[in-house]
Amino acid sequence: MLNSVKGKGISLLMVRGKKSIFFDLPYWKDLYVRHNLDVMHIEKNVCESLIGTLLNMPGKTKDGEKTRLDMAEMGIRESLKPITESGKRTFLPPACYVLSRSEKRQFCSTLSEIKVPTGYSSNIKSVVQMKDLRLINLKSHDCHTLMQQLLPVSICGLLPKQVRAVIVRLCYFFNVICCKVIDPIKIEELQEEVVVTLCLLEKYFPPAFFDVMVHLVVHLSREIKLCGLVWLRWMYPMERYMKILKGYVRNRSRPEGCIIECYVVEEAIEFCSEYLESAQTIGIPKSLESRQNVRMGFKVTPVEYKMLCEAHFYVLQNTPKVDCYRLQHLRERWLQAEHRRCFIPWVRQKIETELANPDHCVIETLRWLANEPRRDVIRYNGYGINGYSFHTCEHDLRSTTQNSGVTVEGESLHVSRAKHKNPVYANMSYYGVIEDIWELNYTSFKVTVFRCKWVDNKTGVKVDEHGFTLVDLNKEGDSSDQFIKANQAKQVFYVSNQNDGRWSVVLTAKLKLYDGGDVCDNIEETPFSNRLPECEDSQNEDVSYVREDCEGEYIEVGNSKIKKRKKIAS
């Protein structure tokens, strides 16, 4: 840009000297928000620039010979200056923000092997080209998915540590502002953090990277304070409805007439269906609208009595109407092992004794709970509840999606020593996979439980430097506590860590709800990371702009072909 401006004799002060015509309006200068910034398009453009620069994709990257010449003209980053050799080709030293060929292969391999829950996103594998090591045909929601969770996970172990931390900070910012709930007190902190993040981006990335879309990121926190949450204002609902209107077009020479005709007919049918008592309009099935108690693939089989007692014990432990009996039994037998062994016969005998009294107040639910469930249970391959679609891990092996990951927040008993008689209960998050789905039959009602393989929280769970939760799925926890109730489960999915195959990154699934037959926006419950990544750089520290462990590239003079340099740049 500097070379073209200099050649035309235009002052640098005139490059951005255009004034919007809206400022001629008398009230325009007094408006707090002059433009409603659309986060959907900002996120998409920032993601495309970031992915294109990291993978050095032709036509998408913000790096290149002209960018390096601009930096040389500005007198910055002399180490990245193009080197002309023999007048026939130019060598571009490897920059700190560009992936090496092996890192590109690992990055693309991670994305192509990811299995996500149903409805989470499109098939990410379809946009990955392993042959050319690039991403193609990225849609707006693909970029949203990458920036929200997948990009920070895919670059784990890649790039220099400082550059990687800056990218994770940027993704963390987009993830937080897209949440359904934001603490107003933290908006000011977000504003300060995004300013620091953009300054760190300027420290490593070339000036050509910072177009107007990257600049608009700094204003998003202020607009949340003035205009409200992002998901109430972005363009996804409008874009989805535009797709519906485009589907109405049957005659391409008369698109407006087709849209009007189909819209009027659909509205008329919807209006008439309100007066038909037994009519049900075509659309999303009622069961999928709430994803509540949706059963998939079942068979009736007998189970071991020991396993049945474990499931029954968990149901008793987590039924509020049994709490008074549970607390009474714990006072008599405070040891957890004794409570687990004796509680089922004890509560049966206790309720039978109360039923012998003519003036008893035992409710019907407690009577059937005391009698234990039937030996034959119904086993399902999948179960939908609370907006999630769960499947067994055996089903996931044959599927392109991953719906078996589960997490639950449970109460755990903690003691400081063996003779400690005052145990402390604390809440902990447990992670695992669903091995089986049972429906326990208590005659008058049924209870659905998940039999899970849990990860050992002591040795199989850790948090990395960027705040991601990592689990080792091979470290199995207590096998005597496998069951949870279906309505307690929250869905997660696991992404294998390419640097260490034993560990997998835990990512939360998006809760998708339906409202009146229309798909609501995915509900972001919590940020993908527990904390904002810290950058250890100081202002006085020398930054290495050239990667010593990465190959550079040659550009043939007078030819658009780029050849990678095989040996490591010195």
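Here is a short walk through some aromatic rings and one helix in this structure, which is a predicted model.

Let's start with the rings. The structure holds 16 aromatic pairs. One of them joins Tyr-120 and Phe-493, which meet edge-to-face, with 5.0 Å from centre to centre and 65 degrees between their planes. Look at where the two partners come from: Tyr-120 is in the loop between helix 4 (101-113) and strand 3 (128-129), while Phe-493 belongs to strand 14 (residues 490-496), so this pair ties together parts that are 373 residues apart in sequence. Tyr-120 and Phe-493 are both buried.

Now try Tyr-388 and Phe-390. Their pair is tilted, with 55 degrees between the planes and 5.8 Å between the centres. Tilted is the word here because the angle is neither under 30 degrees, which would be stacked, nor over 60, which would be edge-to-face. Tyr-388 and Phe-390 are buried too. They also have company: together with Phe-298, Tyr-380, Tyr-383 and Phe-450, they form one aromatic cluster.

Rings can have charged neighbours as well. Find Trp-231, and you'll see the charged end of Lys-180 sitting over its ring, 3.5 Å from the centre. Over at Trp-503, the charged end of Lys-462 sits over the ring, 4.3 Å from its centre.

Last stop: helix 2, which covers residues 39-55. From first C-alpha to last, its 17 residues reach 24 Å, close to the 24 Å expected at 1.5 Å a residue. Most of helix 2 is covered, with 15 of its 17 residues buried. Just after helix 2 comes Asn-56, and its phi is positive, near 55 degrees.

Conventions
Residues are numbered from 1 along each chain as its sequence is written. This is a predicted model: local features need pLDDT of at least 70, side-chain atom pairs count only at pLDDT 80 or more; totals for chains, interfaces and linings use all residues. Side-chain values use heavy atoms; hydrogens and water are left out. Rings of Phe, Tyr and Trp (its six-membered ring) pair if their centres lie within 6.5 Å; planes under 30 degrees apart count as stacked, over 60 as edge-to-face and the rest as tilted. Helices (H or I, at least four residues) and strands (E, at least two) are DSSP runs, numbered from the N terminus. Buried means under 20% relative accessible area, exposed over 50%, partly exposed in between (1.4 Å probe, protein chains only). A charge sits over a ring if NZ of Lys or CZ of Arg is within 6 Å of the ring centre and within 35 degrees of the ring normal. The expected span of a helix is 1.5 Å times one less than its number of residues.
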